[in-house]
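This report covers charged side chains: their salt bridges, their exposure and a surface patch. Please read it alongside the model.

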Amino acid sequence: MAKGQFPVEKFQDLRTPFYYYDADLLRQTLQAIQQEAGKHEGFNVHYAIKANANPKVLRIIRQAGLGADCVSGGEIEASLKAGIPASKIVFAGVGKADWEINIGLDNDIFCFNVESIPELEVINEMASAKGKTARVAFRLNPNVGAHTHANITTGLAENKFGIDMRDMLKVIEEADGMPNIKVVGLHFHIGSQILDMGDFEALCNRINELQMELERHHIVMEHINVGGGLGVDYQHPNRLSIPDFKSYFDTYAKKLKLRPGQTLHFELGRAVVAQCGSLITRTLYIKEGSVKKFAIVDAGFTDLIRPALYQAYHKIENLTSNEEPDTYDVVGPICESTDVFAKQIDLNRTHRGDLLAIRSAGAYGEIMASQYNCRLLPQGYMSDEL
Ligand SMILES: *Cc1c(COP(=O)(O)O)cnc(C)c1O
């Protein structure tokens with residue numbers, strides 16, 4: 001979506017800041033996913049709900065036929081409410097509470113991605129109390145690093161996630177002794193915003209080794225789940241608005257050796273929703289300091305925390321000015337020095353009242369909003385409802 005393709009007229013009456021989602025781009029992105037994944041037998045995509053759980057977004061994702069990857073009981077409820085069948089829901093997380101496990105059991109979800117033996121024991125007990133069998137996959141820590149921000153790597157031995165891969169046979173054996181557990185898969189997730197296909201290749205190689213070890217013990221899993229992590233181009237949201245799903249799925253098709261009948265599951269979050277969303281904010285003041293100009297806007301890190309949390313880059317455009325560019329720091333109103341969206345960026349000369357679009361904000365944006373400073377939560381609008 002190029003600048004100018006935003007329905008600026010329609011924005012004028014809405015309270016800023018708000019999230020704007022391009023429904024067409026979301027549908028095109030989902031179509032690309034289904035088309036590229038569909039070329040390979042047994043590939044199943046679950047949308048990682050934590051990236052964006054806006055019901056309007058979820059409805060479009062459900063219509064495209066994706067399953068859901070949940071990391072809390074609330075996310076399972078949101079998925080079911082959006083109409084995603086329980087048979088397509090996977091449930092991960094290092095700290096599943098009893099009530100959350102019960103939601104999974106009561107709805108007969110596809111799989112619990114289990115991250116420790118104590119958790120497995122609790123799931124077994126709770127399943128037994130209900131006379132059910134829980135389907136589980138073990139989340140193994142593959143000790144594969146991803147070339148991404150240190151705060152969003154998850155597959156290294158030092159991270160809190162998963163079970164040490166050297167314990168794989170031990171945990172499978174323990175699970176075999178539990179009457180209300182059925183082990184159906186192995187699960188992995190190495191991190192987020194990954195653009196180097198070599199990182200996914202390294203994961204494939206590791207899984208191939210682990211599957212060979214299983215084979216020596218005559219164990220075959222029903223499925224392998226490789227998590228998510230595919231990144232998007234935050235620099236070029238207009239030119240590269242749909243991630244390279246072809247390379248992503250082809251990498252797995254080429255490098256991962258599936259066993260006959262085995263299905264391969266993916267949990268994509270960011271790559272599905274990041275580019276379709278923008279945070280729309282109004283300029284409150286232009287403040288000229290001695291060394292720089294600040295564009296002070298009405299959105300803050302309470303609306304979009306990624307820049308403050310990870311120094312994340314988001315492209316910013318002035319939707320209502322075509323004047324010669326000038327250089328600004330774009331900052332929010334929150335009483336914290338980290339409340340900065342961008343430093344020293346060029347924007348068309350900006351005035352009080354101008355609307356800015358903070359791009360590529362569909363993932364980990366609205367869902368991470370807070371009410372710090374007693375602020376209102378931002379609304380989210382779908383393009384086809386305006
Ligand atoms: C966050 C998460 C994902 C999605 O990650 P993206 O980088 O948004 O694709 C997938 N699986 C698990 C287990 C996660 O925690």
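In this predicted model, Arg206 and Glu209 both belong to helix 8, which spans residues 197–216. Three residues separate them, about one turn of the helix. The two side chains form a salt bridge, with 3.3 Å between the closest N and O atoms. Glu209 is partly exposed, because its relative accessibility of 45% lies between the limits of 20% and 50%.

Helix 8 also holds Glu215, which forms a salt bridge with Arg259 at a closest N to O distance of 2.7 Å. This pair links distant parts of the chain, as its residues are 44 residues apart. Arg259 sits in the loop between helix 9 (245–255) and strand 10 (263–268). How do the two partners compare with the cut-offs for buried and exposed? Arg259 has 15% relative accessibility and therefore counts as buried, being under 20%. Glu215, with a relative accessible area of 42%, is partly exposed.

Elsewhere, salt bridges that share partners join Asp24, Arg27 and Asp384 into one network. Another salt bridge is formed by Asp164 and Arg166. Asp164 counts as partly exposed at 31% relative accessibility, whereas Arg166, at 70%, counts as exposed. The structure holds 21 salt bridges, among them the three pairs tabulated here.

| Salt bridge | Closest N and O atoms |
|---|---|
| Asp164 and Arg166 | 2.6 Å |
| Arg259 and Glu215 | 2.7 Å |
| Arg206 and Glu209 | 3.3 Å |

The remaining topic is charge at the surface. Which residues form the negative surface patch? Glu121, Glu125, Glu173, Glu174 and Asp176 make up this patch. Two elements each give two or more residues to the negative patch: helix 6 (117–129) and helix 7 (168–176). Of the contributing elements, helix 7 gives the most, with three residues. Glu174, one of the patch residues, has its place in helix 7. Its relative accessible area is 34%, so Glu174 is partly exposed, and this value also passes the cut-off of over 30% that patch residues need. Patch residues must also have no salt bridge, so Glu174 and the other four members of the patch are without such a partner.

Technical notes. Residues are numbered from 1 along each chain as its sequence is written. This is a predicted model: local features need pLDDT of at least 70, side-chain atom pairs count only at pLDDT 80 or more; totals for chains, interfaces and linings use all residues. Side-chain values use heavy atoms; hydrogens and water are left out. Patches are made of residues with over 30% relative accessible area and no salt bridge: like charges are joined within 9 Å, nonpolar side chains (Val, Leu, Ile, Met, Phe, Trp, Tyr) within 5 Å. Accessible areas come from the Shrake-Rupley method with a 1.4 Å probe; for residues, only the protein chains shown count as cover. Lys and Arg count as positive and Asp and Glu as negative; His and the chain ends are not counted. The place of a charge is taken as NZ of Lys, CZ of Arg, CG of Asp or CD of Glu. Helices (H or I, at least four residues) and strands (E, at least two) are DSSP runs, numbered from the N terminus. Buried means under 20% relative accessible area, exposed over 50%, partly exposed in between (1.4 Å probe, protein chains only).
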